[in-house]
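This report goes through one protein chain, from its pocket to its cores, ring contacts and backbone. The sequence and structure are shown first.

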Amino acid sequence: MEVLLLVFFIIIAIILIPNIKIVPQAQEFVVEFLGKYRTTWSAGIHFKVPFLERISNRVTLKEQVLDSPPQPVITKDNVTMQIDTVIYYAIYDAKLYAYGAVNPISALSNLAATTLRNIVGELELDGTLTSRDTINGKMTAILDDATDKWGIKVNRVELKNIIPPTEIQNAMEKQMKAERDRRETMLQAEGHKAAAITRAEGDKQAMILAAEGERDARIARAEGEAKAIYLSKKAEADGLVALKEAGIDATVLELKKYEALVSMSDGKAAKIIVPTDAVEMTKANVIFSETTGLGDKTNPEYTKKTEKKKVDPCCK
């Protein structure tokens, strides 16, 4: 009896233990009962009814990457290019993923290929090469909307490589080289222009500074000369005021005039013309007569000689 019980428990353990299932984190199990969907197990420990239930699908909820191989795509201007895409997706509903499509991943890859052809077919070559973000956004929106019934969430789509034909690549390289040469020429021209403008501005500034310096120098010289003349005239005026205050008479003033005339000659051959009124005043000056030896009368002999020389033309 005990042996039978032991055998019974062993059989029960052999049957029950394999039906104890542990679902890992970030996974879900789809369970069917007699071929019909029964439930979805999330992470944790679960028990399956032997012989009646089975796990039809084990689904991971982590984000996955689908790398599509390069495929030929024709642009609007009839250029055939090889483009491959990378799709980032995640399964959010295990039941829809299990029963929505026979092979959801293959369906997603084919849908991505046809969507890419439709989008690129509306663009020209240059637009395709410069509109990666636009193409990525459109494909993400279209694929995400189409895969909702498959329990798949398309997070983003990226164009991995865009490979144009060899002839187009060579033409693009030549165009790029020509564009770089044009930019280099423009930069050199702009550099020469900026240098010429800088030199012209420098010359202009130098001329302005030189003119301002010359102007300031002339102003300084004029101011100096004016100040010198002013001081000279002021000194003369101060001297005259001093003479006037000292009570100097007209005789002394006349003597000073002649001293000034003598100093002007400076010992050189110079003629000094003395006005008649000055001579008369000098004759009246006693001090001048004593110092120079001139009298107040003319020599009679000199007068007679001059009278003899004067002959009337009518009497000849």
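## The largest pocket

A pocket is here an open set of grid points, on a 1 Å grid over the protein atoms alone, with protein on both sides within 12 Å along at least five of seven lines, and its volume is the space filled by probe spheres set on the points. In this structure, which is a predicted model, the largest pocket holds about 280 Å³ of space.

The lining of the largest pocket includes Leu-125, Asp-126, Leu-129 and Thr-130, together with Pro-164, Ile-168, Gln-169, Ala-171, Met-172, Glu-173, Gln-175 and Met-176. Two helices, α4 (125-130) and α6 (166-246), each contribute at least two residues to this lining, and the largest share, 7 residues, is supplied by α6.

## The chain as a whole

The secondary structure of the chain amounts to 10 helices and 9 strands. Of its 316 residues, 21% count as buried. When contacts between residues at least 6 apart in sequence are considered, 61% of them join residues at least 24 apart.

## Nonpolar cores

The largest nonpolar core has 29 residues, and the members that touch the most others are Ile-83, Ile-87, Leu-116, Met-139 and Leu-143. The elements that give two or more residues to this core are the strands β8 (80-91) and β9 (152-163) and the helices α2, α3 (104-120) and α5 (132-146).

What does Leu-116 contact, once its neighbours within four places in sequence are left aside? The contacts of Leu-116 are then Gln-71, Val-73, Ile-83, Thr-85, Ile-135, Met-139 and Leu-159; Ile-83 and Met-139 are also listed with Leu-116 among the core members that touch the most others. A second core, separate from the largest and made up of 5 residues, includes Val-23, Phe-29, Val-31 and Ile-55.

## Aromatic rings and charges over them

A search of the whole structure yields 1 aromatic pair. The ring centres of Tyr-37 and Tyr-99 lie 5.9 Å apart with the ring planes at 80°, and because planes over 60 degrees apart count as edge-to-face, the pair is placed in that class. Since Tyr-37 belongs to strand β3 (residues 36-41) and Tyr-99 to helix α2 (residues 94-100), the pair ties together parts that are 62 residues apart in sequence. Tyr-37, with a relative accessibility of 28%, counts as partly exposed, and Tyr-99, at 41%, is likewise assigned to the partly exposed class.

In addition, two arginines lie over aromatic rings. Arg-58 is placed over the face of Phe-29, at 4.9 Å from the ring centre, and Phe-29 is itself one of the residues of the second core. The charged end of Arg-156 sits over the ring of Tyr-88, at 4.1 Å from its centre.

## Positive phi angles

Which residue in the loop between β1 (20-23) and β2 (27-33) has a place there, with a positive phi although it is not glycine? The residue is Ala-26, whose phi is near 65°; with a relative accessibility of 22%, Ala-26 counts as partly exposed, because buried means under 20%.

Leu-34, which is placed in the loop between β2 and β3, also has a positive phi in a residue other than glycine, here near 55°. The relative accessible area of Leu-34 is 60%, and since exposed means over 50%, Leu-34 is exposed.

Terms used:
Residues are numbered from 1 along each chain as its sequence is written. This is a predicted model: local features need pLDDT of at least 70, side-chain atom pairs count only at pLDDT 80 or more; totals for chains, interfaces and linings use all residues. Side-chain values use heavy atoms; hydrogens and water are left out. Rings of Phe, Tyr and Trp (its six-membered ring) pair if their centres lie within 6.5 Å; planes under 30 degrees apart count as stacked, over 60 as edge-to-face and the rest as tilted. Helices (H or I, at least four residues) and strands (E, at least two) are DSSP runs, numbered from the N terminus. Buried means under 20% relative accessible area, exposed over 50%, partly exposed in between (1.4 Å probe, protein chains only). A charge sits over a ring if NZ of Lys or CZ of Arg is within 6 Å of the ring centre and within 35 degrees of the ring normal. A nonpolar core is a set of buried Ala, Val, Leu, Ile, Met, Phe, Trp, Tyr and Cys residues joined through side-chain atoms within 4.5 Å. Contact means heavy atoms within 4.5 Å. On a 1 Å grid over the protein atoms alone, a cavity is a set of points where a 1.4 Å probe fits but cannot get out, and a pocket is an open set with protein on both sides within 12 Å along at least five of seven lines; lining residues have an atom within 4 Å of a point.
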